[in-house]
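The following paragraphs consider enclosed space and backbone geometry. The sequence and the model are shown first.

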Amino acid sequence: MGKDSHEDSSLVVVDQVLPIKLPIVVLHSRPLFPEMITPMMISDKRSIDTIDYALDHGGCVGFVLIRDAEKDIELKGNLYTVGVVGRILKRIHLPDGGINIFVNAIKRFHLRKLLVNEGNILLSAAGYEPEDESDDDETKALTRAIFSLVREVTENNPLFSEEVRLTLVNVKSPARLADFIASMLNISREEQQAALEEFSLKARLTMVLKYLTREKELHALQQKIQEQINEKISRQQREFFLKEQLRAIRQELGMEMNEREGDLARFRKRLEELALAGEALEKITAEINKLEATDHHSPEYAVIRTYLETVFSLPWNIVSEDRLEITRASKILSAEHFGLDEVKERILEFLAVQVLIKDRKSARGSILCLVGPPGVGKTSLGKAIAGSMNRKFFRFSLGGMRDEAEIKGHRRTYIGAMPGKIIEALAITKTANPVLMLDEIDKLGQSWQGDPSSALLEVLDPEQNQNFRDHYLDLPFDLSRVFFITTANTLDSIPLPLLDRMEVIRLSGYISEDKAQIALRYLIPRALEANGLPKGYVTISKPVLMDIANGYAREAGVRSLEKHIHRIMRRAAYAYVAGSKTDPVVITAENLREYLGEPLFREEKARRLDRAGLALGLAWTSMGGDVLTIECLAVPGKAGLKLTGKLGEVMSESAAIAWTFVKNLAIAEGIEQEWFEKHEIHLHVPEGATPKDGPSAGITMASAMLSLIFGQKLRNNLAMTGELSLVGDVLPIGGLKEKVIAAKRSGIREVIIPAQNEAQLAEIPRHVRRGLVFYLARAMTEVRSVVFARGATPELDALRWKNED
């Protein structure tokens with residue numbers, strides 16, 4: 001069977017001693033190079049048969065490298081076209097059936113044509129080229145460069161034995177030098193084959209020089225890495241020996257006890273001073289004994305020592321002496337907070353209870369929850385409470401916390417375990433009765449790592465926290481004397497079991513007058529000092545502060561107001577330093593825009609109800625109160641109710657209840673059923689990107705629908721809030737104070753509220769209620785008589801709240 005191969009008519013036979021037809025042995029790992037004697041082990045039957053055939057026909061064999069050993073040898077192109085012809089010098093049979101041969105590689109040859117004879121022997125027509133033996137100056141220069149590089153590479157390279165170095169020295173032919181080095185270098189089989197196929201001596205020398213240069217660079221990098229490793233190991237060994245010698249010298253001289261003995265003595269003395277009993281004493285004693293039995297260099301020693309350091313850092317029997325004077329506490333609260341009279345009164349009630357308890361050890365800690373919009377002073381109130389009680393204050397945020405180990409600590413089985421935030425707070429304050437503020441408790445998260453709110457149940461329960469057990473300590477610790485204060489913007493996201501353990505105190509938002517007073521008393525002096533300005537250098541009058549509150553900082557708290565005041569101070573500080581204004585600065589309504597730019601909000605006035613189908617409602621959010629506009633429109637087409645404005649499930653149900661009530665009332669009063677069948681009512685609450693929910697807009701949506709169906713406009717400057725039942729009753733709502741503040745801020749003059757919220761209305765401060773008229777409604781019919789009234793009527797007077805002081 002004949003196989004075509006690459007043919008080249010320029011190839012001629014130059015040596016009649018070498019046969020033209022050669023038996024071929026396929027090499028798989030690396031090629032052979034001429035003028036070398038190489039041992040070779042052969043195990044496959046076809047190659048053994050080829051060697052036997054060669055010995056019977058002159059002893060010459062062609063050795064050729066295969067490209068892909070996974071493919072068939074006889075596949076066209078799978079054998080390289082340049083190989084080496086060699087003569088078999090010796091053959092030795094091996095016990096496993098293979099043979100070991102010694103080959104004298106003689107000369108390069110080209111494969112011209114592959115044949116397979118009857119004995120399955122692979123034969124090839126061989127073509128030979130005369131060797132390039134040029135000896136010009138360029139060849140000599142390349143040869144010297146190779147010799148120079150070889151000396152550098154072989155000097156410290158274990159891959160080159162002494163015999164190899166002697167062979168290199170004795171090689172005189174540049175061609176043989178190139179072949180010998182190519183065979184010895186740690187390069188790929190493809191690169192070795194490329195050197196074999198290069199018949200030009202200069203090109204082959206250049207190729208070998210490139211390989212040698214790369215080998216030198218790799219060897220230098222390897223040496224550098226090895227030196228770095230050796231240096232590091234030597235430094236560690238040196239430190240170890242020095243430490244051992246130092247310890248031996250100290251023990252020999254008796255100058256001082258070793259570190260472990262010092263730790264043990266210190267821990268035992270501390271335990272004796274604490275005078276603990278029961279489980280705590282037994283557990284700590286066992287840990288000290290375990291530390292004594294543990295080798296100082298063991299990792300377990302550091303773990304036990306860290307645990308004992310944490311245990312002894314806790315205030316087991318240390319409490320700060322309370323200074324419970326109601327008059328002093330009242331002065332502190334009033335000096336640091338404007339308004340908030342109800343909140344201050346509730347706090348003073350708690351302190352009064354502490355005064356009446358004679359036995360301080362039996363007194364239980366209190367748990368308050370301050371709820372209100374951002375920036376109303378919840379955190380500063382906590383600090384004031386601690387100051388009025390003469391207790392240490394510590395605050396940490398629960399916002400975004402998703403791992404219960406943050407509260408109760410990690411178990412000691414984990415590497416890097418540490419106690420929870422509660423124990424950490426006690427270790428920092430170094431007292432067993434601090435005021436701990438757990439901020440943003442409404443923003444706790446959950447994850448696969450646990451539920452932190454469940455871990456807080458034990459912490460905030462006076463019946464359980466007497467024996468609080470942190471996972472890291474695994475010892476009972478008394479938290480009953482701790483005064484816990486939590487803060488939240490809303491109660492909706494706090495689990496009910498957790499909420500049940502706390503006394504809730506609500507902090508409402510501030511109206512513009514309150515913000516102006518707070519700025520005059522606290523914010524402006526603080527901002528002057530913070531910006532390095534002299535006292536009284538900047539003056540801002542109360543009307544201007546109210547303009548800032550209404551035009552730039554309209555949120556319920558004062559945080560944004562404080563930022564804008566600091567912005568004014570920075571502008572004044574720049575002018576003061578630059579020298580353009582050395583006289584005191586007076587901020588007026590005329591120059592306010594020079595400092596703050598254009599107002600972010602225009603004058604906030606409620607929308608004018610200039611057409612039927614519009615109504616104003618009052619809403620409460622975690623950011624404070626707000627005024628909502630309800631819009632209704634009748635669209636000819638399929639009957640039904642369409643709701644837009646990103647309404648929540650509860651608010652959507654309230655709209656459905658209002659629609660059913662209004663439809664039933666309208667039909668009873670003469671509106672044709674056919675009108676409802678031919679119109680779709682579209683109810684929309686503007687600011688559609690803001691989620692809205694809750695039942696308190698029920699009477700507002702019903703009023704807007706009544707206005708649309710009967711074609712009557714509602715009274716202007718009138719807002720309302722109240723839940724509507726299916727039979728028309730007006731039910732109570734929450735957040736009344738925040739809603740009233742929002743109404744006053746928006747220029748509303750009249751407000752309808754559920755009659756059952758009368759008690760909450762009386763609790764709202766007089767200056768907030770001033771200028772507002774309230775109507776108390778028990779049923780939707782009473783709401784209707786107010787919203788459609790024109791002028792003063794007996795019905796209005798009957799529903800008007802009379803308890804104004």
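A residue counts as exposed when its relative accessible area is over 50%, as buried when that value is under 20%, and as partly exposed in between. The model discussed here is predicted.

With these cut-offs, Lys430 can be placed: its relative accessible area is 51%, so Lys430 is exposed. Lys430 belongs to the loop that runs between α14 (421–429) and β10 (435–439). Although Lys430 is not a glycine, its phi is positive, at about 55°.

Glu35 also merits attention for its backbone. Its phi is positive, about 65°, and Glu35 is not a glycine. Glu35 sits in the loop between β2 (21–27) and β3 (36–42). Because its relative accessible area is 43%, Glu35 is classed as partly exposed.

Glu35 leads on to the interior, as it is one of the residues that line the largest cavity. Rolling a probe the size of a water molecule over the atoms shows where empty space is left. In this model, the count comes to one cavity of 30 Å³ or more. The largest cavity holds about 50 Å³ of space.

Which residues line the largest cavity? The lining consists of Pro34, Glu35, Arg108, Glu131, Glu133, Ala175, Arg176, Asp179 and Arg204. By class, seven of the lining residues are charged and two are nonpolar, while no polar residue takes part. Helix α4 (residues 174–184) gives the most to this lining, with three residues.

Conventions:
Residues are numbered from 1 along each chain as its sequence is written. This is a predicted model: local features need pLDDT of at least 70, side-chain atom pairs count only at pLDDT 80 or more; totals for chains, interfaces and linings use all residues. Side-chain values use heavy atoms; hydrogens and water are left out. On a 1 Å grid over the protein atoms alone, a cavity is a set of points where a 1.4 Å probe fits but cannot get out, and a pocket is an open set with protein on both sides within 12 Å along at least five of seven lines; lining residues have an atom within 4 Å of a point. Grid points are joined across faces, edges and corners, and a volume is the space filled by probe spheres set on the points. Helices (H or I, at least four residues) and strands (E, at least two) are DSSP runs, numbered from the N terminus. Ala, Val, Leu, Ile, Met, Phe, Trp, Tyr, Cys and Pro count as nonpolar, Asp, Glu, Lys and Arg as charged, and the others, Gly among them, as polar. Buried means under 20% relative accessible area, exposed over 50%, partly exposed in between (1.4 Å probe, protein chains only).
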